[in-house]
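Visitor: Mind walking me through this one? I'd like the cut-offs along with the answers.

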Amino acid sequence: MNKREVPAHKTTVGGQALIEGIMMRGVSKGAMAVRKKDGGIDVEQWELPPRKWYQKAPFIRGIFNFVLQLKDGMTYMNKSMEKSGYLEDEEEPSKFEKRLGEKAGKSLTAVVSVIGGIIGVGLALVLFLFVPTWIFTGIQSLAGDADISPFRSLFEGILKIIIYIVYLWLTSLLKDIRRTYEYHGAEHKTIAAYEAGEELKVDNVKRHTRFHPRCGTSFIFLVLAISILVYSVVPINSEMFIEWLGVTKFVGDLLRVVCKLILLPFVVGIGYEVIRLAGRYDNIVTRIVSAPGMAMQRLTTREPDDGQIECAIAAITPVLPKEGEDDKW
């Protein structure tokens, strides 16, 4: 198949790769299918609440949908680890850990998940906001009298994209993550087969591409690219704070990062609208916009085996639109 398939029907159905499984969301239902240690597939289904106005309003919807996807992704990733028996493969817990688990039960798991999420978000903020700022500040100090501040946003943006690519490459080298990327490929192939109007069988799904323009990998790249433009247009620099407030260079950099955080939801909202257009239309402009993100999917997707495709089919089948429901993208 071509790298860029042109589906007969573009659906809103989307998903996420999990540990030994896949989660799918349709119009009114969600489902996750996980391969258990005994070889069977555990399928869990749930009803989705009606979307609120802020989940449908242009530019605003991207912010809320992104946060919702992060929350759901973390929840079902944890569930998939339990259902697949992944946690059973870890080292035997100590007596203290067993006793703590017995006393705290599910509340402990919830707390650990929240703490893990906070650490993950904090690490992302450091890597993508603080590190590029500090590196540029260091280069600016070495430049002496040369004024390179007009290139700050461009330099920081390119550095963030480089960090993103290196992160994806490093994670693709890990055995467990690589297997999750295979499920990611199965998710894309199954959605592509459904969009092509084909019967959801393993042989049909295998023929389709593992690259999809609506992928989260592409979305993150778009957000990083758009941030370069936004932060270049909006004149936020450390020197401004130093001059106006009389603060130190470090505090000036910190205030600049805070301003970028305030603008981040705006950037995410734009990125969401752009990826919607890229997923809805197929022309030279949308192909150019999608090309970098599709290329990065070579790192975050792998060719799945038949068993992984079976999981993807099991996950998507319950969420396919019922009679009268419109799932057009």
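Guide: Sure, starting with a definition: buried means under 20% relative accessible area, exposed over 50%, and partly exposed in between (1.4 Å probe, protein chains only). This is a predicted model, where local features need pLDDT of at least 70, side-chain atom pairs count only at pLDDT 80 or more, and totals for chains, interfaces and linings use all residues. Residues are numbered from 1 along each chain as its sequence is written, and side-chain values use heavy atoms, with hydrogens and water left out.

Visitor: Is cysteine 259 buried or partly exposed?
Guide: The relative accessible area of cysteine 259 is 21%. Buried needs under 20%, so cysteine 259 is partly exposed.

Visitor: How about cysteine 311, buried or exposed?
Guide: Cysteine 311 has a relative accessible area of 0%. With the limit for buried at under 20%, cysteine 311 comes out as buried.

Visitor: How many disulfides does the count come to?
Guide: A disulfide here is a pair of cysteine sulfur atoms within 2.5 Å. By this rule the count is zero.

Visitor: Which residue in the loop between β1 and β2 has a positive phi?
Guide: Most residues other than glycine have a negative phi. The loop joins β1 (14-18) and β2 (21-25), where strands are DSSP runs (E, at least two residues) numbered from the N terminus. With phi near 55°, the residue is glutamate 20.

Visitor: And what is phi for phenylalanine 59?
Guide: Phenylalanine 59 sits in the loop between β4 (41-47) and α1 (60-84), helices being DSSP runs too (H or I, at least four residues). At 48% relative accessibility it is partly exposed. Its phi is positive, near 75°.

Visitor: Where is tyrosine 194, and how far is its C-alpha from that of threonine 11?
Guide: Tyrosine 194 belongs to helix α5 (residues 175-195) and is buried at 17% relative accessible area. Not counting residues up to four places away in sequence, tyrosine 194 touches several residues, including His9, Thr11 and Asp327; contact means heavy atoms within 4.5 Å. Tyrosine 194 and threonine 11 are 183 residues apart in sequence, yet C-alpha to C-alpha the distance is 8.4 Å.

Visitor: What is the area of the nonpolar surface patch with Ile158?
Guide: Isoleucine 158 lies in helix α4 (residues 152-172) and is partly exposed at 42%. Patch residues have over 30% relative accessible area and no salt bridge, with nonpolar side chains (Val, Leu, Ile, Met, Phe, Trp, Tyr) joined within 5 Å and like charges within 9 Å; a salt bridge is a side-chain nitrogen of Lys or Arg within 4 Å of a carboxyl oxygen of Asp or Glu. Areas come from the Shrake-Rupley method with a 1.4 Å probe, and for residues only the protein chains shown count as cover. Among the patch members are Phe151, Ile158 and Trp169, and the area is about 780 Å².
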